[in-house]
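Hi everyone, thanks for making time. I'd like to walk you through one part of a structure today, so let's get it up on the screen.

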Amino acid sequence: MMKSVMLEKEKIYSGNLLLVNADYPLKNTGKEKEEKLVPACIHFPAILLKHDAANILQLVLEKISSGNLIVPVSGYRTKKEQEEIYSGSLKDNGEDFTRKYVALPCHSEHQTGLAIDLGLLKEEIDFIRPDFPYTGICNQFRKTAPDYGFIERYQKDKEKITGISHEPWHFRYVGYPHSRIITDNGFSLEEYIEFIKSYRNGCRLVYKDKCGVNVEIYYVPAISDKTIMDIPDNQIVQVSGNNIDGFIVTAWRRSNEKK
């Protein structure tokens, strides 16, 4: 049996798989407050993330027994805060540095509530470029995070694609298994969003998750103000906009259902 789901076009601009960069700004749909923001860590109540991202971040930190060795440095930012950070960096660090490490207002992932900058605990932590090395507890986090939904967003040698210099401290919540697929294939988020577009019109990317369950992933273009999508009754489905032109569907078959 199938059920029909209607997706309004504005939903392109919400979800865990939004691509926000120099070419695709974060859209103001007037419904930003619908998704609750919570502290990324109880010890840093002013640093916020969306609820799911914050919960998963804590899960990963507990999984690697990080203690207080890893600290959140920057999470959700309002447009005004991003404007202040950008103009402050221009003044203090110059245009070249700012262009490499600070996104323009409305083009920053931090405004989504899905991005977190992490730092190794030190007496002094650089707000723009916190130390998060490829060794020790930091690398344990980096290796474990994709199993739960986070990716290292701005990788080395991807600068021409992302428009941002290598940032070992910046992690982005995209949800599992997307995080695992992105990491295993060495994709940037830009490349992954484009890659998924080839899976449409009945073509599915099938990923066997860590529990042995097949997950189907595919793209549905938004060709009108309202998109109708048919979904099997025996699937649990998540839908995210890509912030460009359509939706990415992630579907799990219910564990008690047979094909």
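Let's start with a quick one: which residue in β12 does Ile236 stand opposite? It's Trp252. Before going on, keep in mind that this is a predicted model.

Staying with that strand pair, Val237 has a partner across from it as well, and that's Ala251 in β12. β11 and β12, the latter being residues 246-253, run antiparallel and are joined by seven bridges. What about the turn between them? The hairpin of β11 and β12 has four residues between the strands, and Asn243 takes a positive phi there, near 70°.

Okay, now zoom out. These two strands belong to an open sheet of four strands, with antiparallel pairing, and the order is β8-β9-β12-β11. So who's at the edges? β8, residues 205-208, and β11, residues 235-241, each have a single partner strand, so one side of each is left without a neighbour in the sheet. Going from one strand to the next, the twist averages 25°.

Last bit: the helices. Helix α6, residues 178-185, packs on the sheet and touches β8, β9 and β12. The direction of α6 makes about 95° with that of β8. Then there's helix α7, residues 189-196, which packs on the sheet too, touching β8, β9 and β12. For α7, the angle is given against β9, and it comes to about 85°.

That's my tour, thanks for listening!

Note on methods. Residues are numbered from 1 along each chain as its sequence is written. This is a predicted model: local features need pLDDT of at least 70, side-chain atom pairs count only at pLDDT 80 or more; totals for chains, interfaces and linings use all residues. Side-chain values use heavy atoms; hydrogens and water are left out. Two strands pair if DSSP finds at least two bridges between them. Axes are lines fitted to C-alpha atoms, for helices over the stretch in contact, and angles run from 0 to 180 degrees between N-to-C directions. Contact means heavy atoms within 4.5 Å.
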